[in-house]
Amino acid sequence: MNIYTFLILSLIITIYSIQTIADLLNIKNISTSIPLEFEGYYDKEKYVKSQEYLKEKTKFSIVSSTFFLAVQIIFITLGGFNYLDTRVVSFGFGSILTGLIFAGTLFFTFEILKIPFSLYSVFVIEERFGFNRMNIKTFITDSLKSWFVTAIIGSIIFVATLWLFINTCKYAWLYAFTVIVVFEIFITFVAPVVIMPLFNKYTTLENGELKDTIEKYAKKENFKMKGLFRMDGSKRSTKSNAFFTGIGKFRRIVLFDTLIQKHSVDELTSILAHEMGHFKLGHILKHMIFSFVSTLIMLFILSLFINEVWLYDAFLMNTQPMYAGIIFSSFLYEPISIIISIISNYFSRKHEYEADAYAVKTYRKPEVMINALKKLSVDNLSNLYPHKFKVFLEYSHPPVLERIKAINKISLSTKI
Ligand SMILES: [Zn+2]
């Protein structure tokens, strides 16, 4: 093992350790007493169940991340990348096709290794806690479809980047950035009508009290409703959610059927008011810009290291093919990606508070909003007391108790 390999492995192990420490702290932070706000929502038995769920999921995530850490270390130290490269080069294709086979083999090997873990997560853990509605057929078709979509999108981005780095000069990273941004905008635009229907059925919300109330509210807030959809989330899980997706003509607000079943018209309108808040306050656009900036940083790092021989030495390669360099530099990008995701999560949590405030100030029913949040977190057995470090690292939404506190504060100060 050379010093560069040692550094790369240390990097991987450090990241794994930080994530595992966050998980362990999170488990230690469990409190057995039901918080005052949740009395009447949780009975003792269900509350204990929610903690078991957290423990079960954490244990599982540590086991799987340890497994994948071991796989990576073994693969790197045994010269797996070099072996794979000699095999794909022996086919005698050009460097673009060779690169595509190289990256594709790695991707699918990883996906196949993930299958037993996904099966256990869905059919053992989620099943045991009464969430799972998926059958094996849905599991298989889901995997096939998502591989298909990832393979197409991934190949386009990979081939474009590789071609630009091989054929253009030192500004390849800027050209690649432009191509990727245009492509990503295009995907965001068409995803709601092309990609998402592959996985779920979206039906326009039927006429009735719910639709009337939402439309009345949207009209009052000057919000142009482009599409309000019900999604058959119950096909996979009893968990419920709502989200905003797409840009331009195809943008839409989506409610899970499971959410509609369990909430009152007022609660659903509050949840939608929150989603509209995200749009009105420009969160969607900010989020997109942020993701472009991180793409730019990633490509810049790629341009810095793709021609460095030591990078290929680190992964025990005998040659320096650029397609492998693209994959290797993603290891170097990993720590930066964690920092970027911490910043992005920080803003996302801030945006959640803002969207809550927007919903409360415009729909003016803070009690209903709080009720909806409580019901959501009980139904999804969310962790009420996540550890601060876990929140800092990974939470895109603030812990529910903090959100309730913030909503109460707003309703007090604005006398709603
Ligand atoms: Zn939100």
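These legends accompany views of a predicted model of one chain.

**View 1. The whole chain, a predicted model with 16 helices and four strands.**
The chain has 416 residues and a radius of gyration of 24 Å. A compact globule of that length would come near 22 Å, so the value agrees with the rule. Along the principal axes, the C-alpha atoms fill a box of roughly 70 × 45 × 45 Å. About 21200 Å² of the chain is exposed, and carbon and sulfur atoms supply 66% of that area.

**View 2. Confidence along the chain, from strand E3 to helix H3.**
Mean pLDDT for the chain is 95. A value of 70 or more is reached by 100% of the residues. Confidence is lowest in strand E3, residues 242-245, where the mean is 90. Helix H3, residues 80-89, has the highest, at 98.

**View 3. The interior and its contacts.**
Of the 416 residues in the chain, 46% are buried. Contacts here are counted between residues at least 6 apart in sequence. Of these, 76% join residues at least 24 apart.

**View 4. A nonpolar surface patch that includes Met1 and Leu7.**
Which residues make this nonpolar patch? Met1, Ile3, Tyr4, Phe6 and Leu7 do. The patch covers about 560 Å² of surface. Leu7 belongs to helix H1, which spans residues 3-28.

**View 5. Glu221, in the loop between helix H8 and strand E2.**
Helix H8 covers 209-220, and strand E2 covers 228-231. Is Glu221 buried or exposed in this loop? Its relative accessibility is 16%, so Glu221 counts as buried; the cut-off for buried is under 20%. Leaving aside residues up to four places away in sequence, Glu221 touches Lys280, Tyr358 and Thr362.

**View 6. Leu285 in helix H11, with Ile247.**
Helix H11 runs over residues 283-305 and holds Leu285. Leu285 has a relative accessible area of 56% and is therefore exposed; exposed means over 50%. How far apart in space are Leu285 and Ile247? Their C-alpha atoms are 9.1 Å apart. In sequence, Leu285 and Ile247 are separated by 38 residues.

Note on methods
Residues numbered from 1 in each chain as written. Predicted model: local features only at pLDDT ≥ 70, side-chain atom pairs only at ≥ 80, totals over all residues. Heavy atoms only, no water. Patch = residues over 30% accessible without salt bridge, like charges linked within 9 Å, V, L, I, M, F, W, Y side chains within 5 Å. Areas by Shrake-Rupley, 256 points an atom, 1.4 Å probe, with all protein chains shown as cover. Salt bridge = Lys/Arg side-chain N within 4 Å of Asp/Glu carboxyl O. Helix = DSSP H or I, 4+ residues; strand = E, 2+ residues; numbered from the N terminus. pLDDT = per-residue confidence, 0-100. Rg over C-alpha atoms; globule rule 2.2 N^0.38 Å. Buried < 20%, exposed > 50% of the residue type's maximum accessible area, 1.4 Å probe, protein only. Contact = heavy atoms within 4.5 Å.
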